[in-house]
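Visitor: Please take me through one part of this model up close. I would like a single residue first, then the strands around it.

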Amino acid sequence: MTVDTDILIVGAGHSGAQAAIGLRNAHYDGRITVLGDEDQLPYERPPLSKDYLAGEKSFERLLIRQQAFWLERKIDIVTKCKVTAVDPQAHTVFSEDGSAYRYQHLIWAAGGRARTLDCSGAKAKGVFTVRTRDDADHLAAALPTASSVVIVGGGYVGLETAAVLRKLGKRVTLLESGSRVLSRVAGEALSMFYEDQHRQQGVDVRLNVQIEALELDSSNVVEGVRLCSGEVIPAEVVVVGIGIIPNAEPLLAAGAAGGNGVWVDEYCRTSLSDIYAIGDAALHASIWCDGAPTRIESVQNAADMATTVARSLTGTFEPYGAIPWFWSQQYDLKLQTVGLSKGYDEAVMRGDPVERSFSVIYLKQGKVIAMDCVNAMKDFVQGKGLVQAGALIPASKLSDIGISLKSMV
């Protein structure tokens with residue numbers, strides 16, 4: 001089967017869905033086709049390790065738009081379509097089932113896939129990731145008969161999953177290979193706070209640990225995690241949250257510049273003619289990280305890159321420069337982050353972690369570059385302006401909760 005379309009979008013996640021919506025909002029009237037490898041309409045992923053896994057939010061509420069929306073706007077969504085190759089000269093994409101999709105412009109919004117363990121037993125029954133709806137459903141189905149769970153990885157997904165499973169009454173051990181949790185995205189003070197909070201909730205948080213293998217029973221079902229120290233931690237379920245691998249291989253094989261993702265310019269254009277890349281798989285020179293090659297895995301980045309491309313394709317060229325922001329919900333703690341703290345040389349505490357409402361403000365050469373706000377919505381809202389401006393504010397002033405951040409902008 002060969003399909004001709006005007007704009008082809010590979011990926012039906014946040015970035016792909018927002019690109020299609022943005023094009024129609026900009027009054028683009030050509031044919032739009034979206035290819036998704038799951039058997040689902042576009043949906044939100046962040047709740048998978050939070051409300052959805054906890055059973056507090058139905059899948060219907062995760063849908064970015066209902067089916068009627070896509071039909072009314074004549075956006076063709078093809079599900080269960082895995083792209084295997086791209087021919088940039090022929091402007092054609094090929095899928096696993098042998099179909100070919102010819103395009104005028106291609107938007108690569110393929111996201112990433114969950115990274116898995118590289119050890120014996122990693123593919124056994126009882127080992128899960130939390131990246132897709134099916135992942136979350138399979139994990140949820142295994143929980144009623146499981147009492148002991150080991151979570152591998154101390155990033156957002158690992159910590160959020162630990163919080164949900166503790167609320168469900170599971171015995172949870174969290175293993176982190178580094179010296180602290182959230183080490184890639186936050187400073188030491190925030191890491192220590194979350195380690196302490198999870199321990200208070202009954203999570204056995206272990207740092208600087210390495211996994212040698214997963215122990216299996218006679219039916220090839222996981223029953224424990226063997227550490228390099230020789231210790232075996234009992235586990236009826238193992239959840240792996242150690243990051244993602246960008247789904248970039250077909251574009252890279254077609255000659256696109258990149259490596260850990262697909263390289264794009266300020267308009268999200270790849271090195272291949274008429275091909276854009278957005279979202280988790282897009283590697284760009286971030287103005288919020290001194291121009292360093294950066295992949296940002298967030299809903300904000302996915303949506304804003306999609307908007308940049310939709311505007312470019314409809315004649316409005318505005319370079320991508322949206323300020324990054326993230327959020328995480330663990331227990332009754334809402335963490336909101338603005339900016340990128342990589343390379344900071346000073347961290348200022350604003351408020352008291354004991355009160356469970358505080359902010360950590362990151363400085364680089366005296367400039368505000370990022371903020372982590374825990375149960376501190378006002379700081380998050382007002383602090384965005386400081387990050388955007390790269391404001392030079394004395395640490396003593398930033399730490400004074402009697403002075404509003406808004407007054408410093």
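Guide: Ser328 touches Tyr156, Glu160, Leu333, Lys334 and Leu335, leaving aside residues up to four places away in sequence. Contact here means heavy atoms within 4.5 Å. This is a predicted model: local features need pLDDT of at least 70, side-chain atom pairs count only at pLDDT 80 or more, and totals for chains, interfaces and linings use all residues. Residues are numbered from 1 along each chain as its sequence is written, and side-chain values use heavy atoms, with hydrogens and water left out.

Ser328 is buried, with a relative accessible area of 0%. Buried means under 20% relative accessible area, exposed over 50%, and partly exposed in between (1.4 Å probe, protein chains only). The side chain of Ser328 also makes a polar contact of 2.9 Å with the side chain of Gln330. A polar contact is a pair of N or O atoms within 3.5 Å; within protein, one must be able to donate a hydrogen and the other to accept it, and residues adjacent in sequence count only if both atoms are side-chain atoms.

Ser328 is found in strand E24. Helices (H or I, at least four residues) and strands (E, at least two) are DSSP runs, numbered from the N terminus. E24 covers residues 325–330 and pairs with E25 in the antiparallel sense, over 6 bridges. Two strands pair if DSSP finds at least two bridges between them. Trp325 has Val338 in E25 as its bridge partner. Trp327 stands opposite Gln336 in E25. The two strands, E24 and E25, form a hairpin with 2 residues between them, and Tyr331 in the turn has a positive phi of about 55°.

Now E25 itself. Strand E25 spans residues 333–339, and 6 of its 7 residues are buried. E25 is also joined by 5 bridges to strand E28 (residues 367–374), and these two run antiparallel. There, Gly339 stands opposite Ala370 in E28.

Step back to the sheet. It is open, has 5 strands in the order E24-E25-E28-E27-E26, and pairs antiparallel. E24 and strand E26 (346–352) stand at the edges with a single partner strand each, so one side of each has no neighbour in the sheet. The twist averages 15° from one strand to the next.

Helix H4 (residues 156–167) lies across E24 and E25, at about 25° to E24. Axes are lines fitted to C-alpha atoms, for helices over the stretch in contact, and angles run from 0 to 180 degrees between N-to-C directions.
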